[in-house]
Amino acid sequence: MANQFPSPTGETKPRQPEAAVAGAAAGHAYGHLAGFPQPGQPIFRSFNSVGLWTLYMKEVRRFFKVQTQTIWAPAVTTLLYLMIFTLALGGGGRIVLGVPFASFVAPGLIAMGMINNAFANASFGLLGGKIQGTIIDYLMPPVSEGELLAALVGAAVTRAILVGLAVAAAMAFWPGVSLEMRHPWAIVWFGLMGSILLSLIGVATSLWAEKFDHNAAVTNFIITPMSMLSGTFYVIDRLAPAFQTVSRMNPIFYVISGFRYGFLGQSDIGSSNMAVLHGAIGLGVLNLVLGLGLYAVLRSGWRLKA
């Protein structure tokens, strides 16, 4: 037949009309001239800034819609901690690290509120998607694993900063509390590194967890003990040598003590400023290692893809 031609196997296949072939070629040529990519050619070759910003804003708006629970409620809880521990342990003009107990404990409470909320925000995103069946919204868009991780961590850090500012603003009017900044770089660095650290742990938790009970288990049995036993309410010099060693193995101890150093000019990390600097470098390296490891896990699709 005129519209058939033999294939290499001897079979006959219908011949495409010449008008259809010419139309397809013209369509490809027009798409190329109009700036559209060829079929199968990715639009975002290296960095999708639009996708990153969109996902980041989605996560920020998610927690900001319920800001009473995500920002102001943690601030009130932290103030209750300050009131209770100041009344219980700060009586009689107690002095710790050369300052009144209220001024000693306040920076630690601000840092603890920041890191706890960073973990809470990061540990919900992917887990909520898996439970609600909307995880495809994270996997289908043209966003790389690195951009996905950056958006989730960035939103969690944003919530941590907002909580920290709310708590600091309230504590500024608290009687007996002084938030004079001695080393602003330490406040920024340890606050940021602590928030990123708990955000990365939160994303890892949301990858591993399959239900909210798993998330609650990590919060109750790992994050809460690490934050409460990090020197927030005491200096570790009062502990036995064995418990001091255990405390120094807790990365949150360096977050709390380094953040406090920014306000007081003193910390129990060490007797010199170099010890604080070493703690700052160590946190940065730890975050880098965790970030690279988590990026590899995301690329593998573990617990996300069938």
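**Exercise 1. A backbone angle in a loop**

Between which two strands does the loop that holds Leu-97 lie? Establish the setting of Leu-97 in this predicted model, then its phi and its exposure.

*Solution.* Begin with the conventions: residues are numbered from 1 along each chain as its sequence is written, and side-chain values use heavy atoms, with hydrogens and water left out. Because the model is predicted, local features need pLDDT of at least 70 and side-chain atom pairs count only at pLDDT 80 or more, while totals for chains, interfaces and linings use all residues.

Step 1: Leu-97 lies in the loop between β3 (95-96) and β4 (99-100), where helices (H or I, at least four residues) and strands (E, at least two) are DSSP runs numbered from the N terminus. Step 2: the phi of Leu-97 is near 55°, a positive value in a residue other than glycine. Most residues other than glycine have a negative phi. Step 3: Leu-97 counts as partly exposed because its relative accessibility is 23%, given that buried means under 20% relative accessible area, exposed over 50%, and partly exposed in between (1.4 Å probe, protein chains only).

**Exercise 2. Helix α12 and the segment after it**

Compare the span of helix α12 with its expected value, identify its buried residues and their cover, and follow the backbone beyond the helix.

*Solution.* Step 1: α12 (residues 273-300) has 28 residues and reaches 41 Å from its first C-alpha to its last. This is close to the 40 Å expected at 1.5 Å a residue, the expected span being 1.5 Å times one less than the number of residues. Step 2: the buried residues of α12 include Ala-275, Val-276, Gly-279, Leu-283, Asn-287 and Leu-298. Step 3: among the elements that cover the buried residues of α12 are α5 (125-132), α7 (145-171), α8 (184-208) and α11 (251-264). Step 4: just after α12, Gly-301 takes a positive phi of about 75°. In the segment after α12 there is also Arg-303, which has a positive phi of about 65° although it is not a glycine. With a relative accessible area of 34%, Arg-303 is partly exposed.

**Exercise 3. The largest nonpolar core**

Which residues of the largest nonpolar core touch the most other members, and which helix supplies the largest share of this core?

*Solution.* Step 1: a nonpolar core is a set of buried Ala, Val, Leu, Ile, Met, Phe, Trp, Tyr and Cys residues joined through side-chain atoms within 4.5 Å. Step 2: of the 70 residues in the largest one, Phe-104, Leu-126, Met-171, Leu-198, Val-203 and Phe-259 touch the most other members. Step 3: the elements that each supply at least two residues of this core include α2 (49-64), α3 (67-89), α4 (101-122) and α9 (212-228), and the largest share, 14 residues, comes from α4. Step 4: taking contact to mean heavy atoms within 4.5 Å, and leaving aside neighbours within four places in sequence, Met-171 is in contact with residues including Leu-79, Leu-82, Leu-109, Ile-110 and Leu-179.

**Exercise 4. Two residues with distant partners in sequence**

Are Ile-135 and Arg-61 buried or exposed, and what lies across from each in space?

*Solution.* Step 1: Ile-135 is found in the loop between α5 and α6 (136-139), and counts as buried because its relative accessibility is 15%. Step 2: Ile-135 and Lys-305 are 170 residues apart in sequence, yet 9.5 Å apart in space, C-alpha to C-alpha. Step 3: beyond neighbours within four places in sequence, Ile-135 is in contact with Leu-126, Gly-129, Lys-130 and Leu-304. Step 4: Arg-61, found in helix α2, counts as exposed because its relative accessibility is 52%. Arg-61 and Ala-155 are 94 residues apart in sequence and 9.2 Å apart in space, C-alpha to C-alpha.

**Exercise 5. The second largest pocket**

What is the class make-up of the lining of the second largest pocket?

*Solution.* Step 1: about 240 Å³ of space lies in the second largest pocket. Of the 14 residues that line this pocket, the closest to its centre are Met-114, Ile-161, Leu-165, Ile-187 and Phe-259. Step 2: on a 1 Å grid over the protein atoms alone, a pocket is an open set of points where a 1.4 Å probe fits, with protein on both sides within 12 Å along at least five of seven lines, and lining residues have an atom within 4 Å of a point. Step 3: α4, α7, α8 and α11 each supply at least two residues of the lining. Step 4: by class, the lining has 11 nonpolar, three polar and no charged residues.

Definitions and conventions
Points joined across faces, edges and corners; volume = space filled by probe spheres on them. Nonpolar A, V, L, I, M, F, W, Y, C, P; charged D, E, K, R; others polar.
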